[in-house]
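Please open the model in your viewer and keep a selection panel at hand. The stops below say what to select next and what is there.

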Amino acid sequence: MNAMTAEPLRVAFRRQVRERAVEHARSLAVAHGWEQVRMGEVAMAVGVSRPTLYKEFGDKQGLGEALVRAETDRFLVGVCAALDASTDVNQGIADAVAYTLDEAASSPLLHAVLTSTRGDAAGLLSLLTTRSAPLLEAASDVLDTWLRQRLPDHDADDIEECADVVVRLVVSHLVQSAAPRAQTATRLARAGMRMLRLPG
C-alpha cells in the first residue's frame with residue numbers, strides 16, 4: 001500500500017475516532033455530568049487505547065472542547081436558518097435569539113454544561129465563560145455575516161460590534177436567565193437595533 005493510499009485511511013480513522021469519542025462523551029455528560037466522564041471509559045467504548053485517545057484530544061479538556069464545539073456547530077445551523085427565514089433585521093435577530101434560548105432550554109448537553117460543578121477547573125461550564133472565545137467568535141461571525149448581507153450600506157464596525165455584543169448577551173442569559181425567553185429575545189433584538197441606529 002503506498003503512502004497516498006495510507007494517508008486517507010489514517011485521516012478517515014482519526015475522524016471516526018473523534019466523532020465516536022465526542023458522541024460517547026456527550027452521552028456520558030448528559031447521563032452523569034461532565035465531571036463523571038472518564039477518558040478510559042470513552043476509549044473503551046470507542047474501541048481504542050487510552051494513549052490513542054489522549055493523542056487525539058490531548059486531555060479531557062481537549063475532549064470537552066471538541067464536544068462543546070460540535071454542539072455549537074449544531075446550534076449555528078439552526079441559528080442560520082432562523083436568521084435566513086426573515087428579511088427584517090429586528091425580527092431576524094429576535095428569532096435567532098429565541099431559537100438559541102429555546103434550544104438551550106431543551107438541550108440535555110447544554111443542561112449538563114450549565115449545571116456542571118462550577119468549581120471544577122476542567123468543567124464544561126468554563127468553555128461557555130472564561131474559555132468561550134471559539135464559541136463566541138463562531139456565533140458572532142454568523143450574525144455579522146447575516147447583518148452585512150441585509151445592511152450592505154451600513155458601517156461595518158457598527159455591525160461587527162453589534163454582533164459581538166448580542167452574542168455575548170445571549171450567552172450571559174444562557175448561563176443565568178433573568179427574564180422569560182420571549183421577552184429576552186425581544187429585548188436583545190431591540191438593543192441590537194439601537195446599536196445599529198435603526199428603528200425597532
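**Rings and a charge**

Select the aromatic side chains to begin with: the count of aromatic pairs comes to zero, where rings of Phe, Tyr and Trp (its six-membered ring) pair if their centres lie within 6.5 Å, with planes under 30 degrees apart counted as stacked, over 60 as edge-to-face and the rest as tilted. Trp-34 is nevertheless worth selecting, since Lys-60 lies over its face at 5.0 Å from the ring centre; a charge sits over a ring if NZ of Lys or CZ of Arg is within 6 Å of the ring centre and within 35 degrees of the ring normal.

This is a predicted model, in which local features need pLDDT of at least 70 and side-chain atom pairs count only at pLDDT 80 or more, while totals for chains, interfaces and linings use all residues. Residues are numbered from 1 along each chain as its sequence is written, and side-chain values use heavy atoms, with hydrogens and water left out.

**The whole chain**

Switch to a cartoon view, which shows ten helices and zero strands; helices (H or I, at least four residues) and strands (E, at least two) are DSSP runs, numbered from the N terminus. Of the 200 residues in the chain, 42% are buried, where buried means under 20% relative accessible area, exposed over 50% and partly exposed in between (1.4 Å probe, protein chains only). Among the contacts with a separation of 6 or more, 67% are between residues 24 or more positions apart, a contact being heavy atoms within 4.5 Å.

**The two cores**

Next select Ile-93, Val-97, Leu-143 and Leu-147, which touch the most other members of the 34-residue largest nonpolar core; such a core is a set of buried Ala, Val, Leu, Ile, Met, Phe, Trp, Tyr and Cys residues joined through side-chain atoms within 4.5 Å. At least two residues of this core come from each of helix H4 (60–84), helix H5 (89–106), helix H8 (133–150), helix H9 (156–175) and helix H10 (181–195). Centre the view on Leu-143, whose contacts, not counting residues up to four places away in sequence, are Leu-83, Ile-93, Ala-163, Val-166 and Val-167. A second, separate core has 19 residues, including Val-17, Val-42, Val-48 and Phe-57.

**Ser-86 and Arg-50**

Is Ser-86, in the loop between H4 and H5, buried or exposed? Ser-86 is buried, because its relative accessible area is 8%, and beyond four places in sequence it touches Gln-91, Gly-92, Asp-95, Trp-146 and Arg-150.

Move to Arg-50 in helix H3 (residues 50–57), which counts as partly exposed because its relative accessibility is 45%. Leaving out residues up to four places away in sequence, Arg-50 touches Gly-40 and Ala-43, and the C-alpha atoms of Arg-50 and Gly-40, ten residues apart along the chain, are separated by 5.7 Å.

**Helix H10 and what follows**

Finally select H10, whose 15 residues reach 21 Å from first C-alpha to last, close to the 21 Å expected at 1.5 Å a residue; the expected span is 1.5 Å times one less than the number of residues. The buried residues in H10 are Thr-184, Ala-185, Leu-188, Ala-189, Gly-192 and Met-193, and what covers them includes H5 and H9. In the segment after H10 lies Arg-197, where phi is near 60°, a positive value in a residue other than glycine. Arg-197 counts as exposed because its relative accessibility is 64%.
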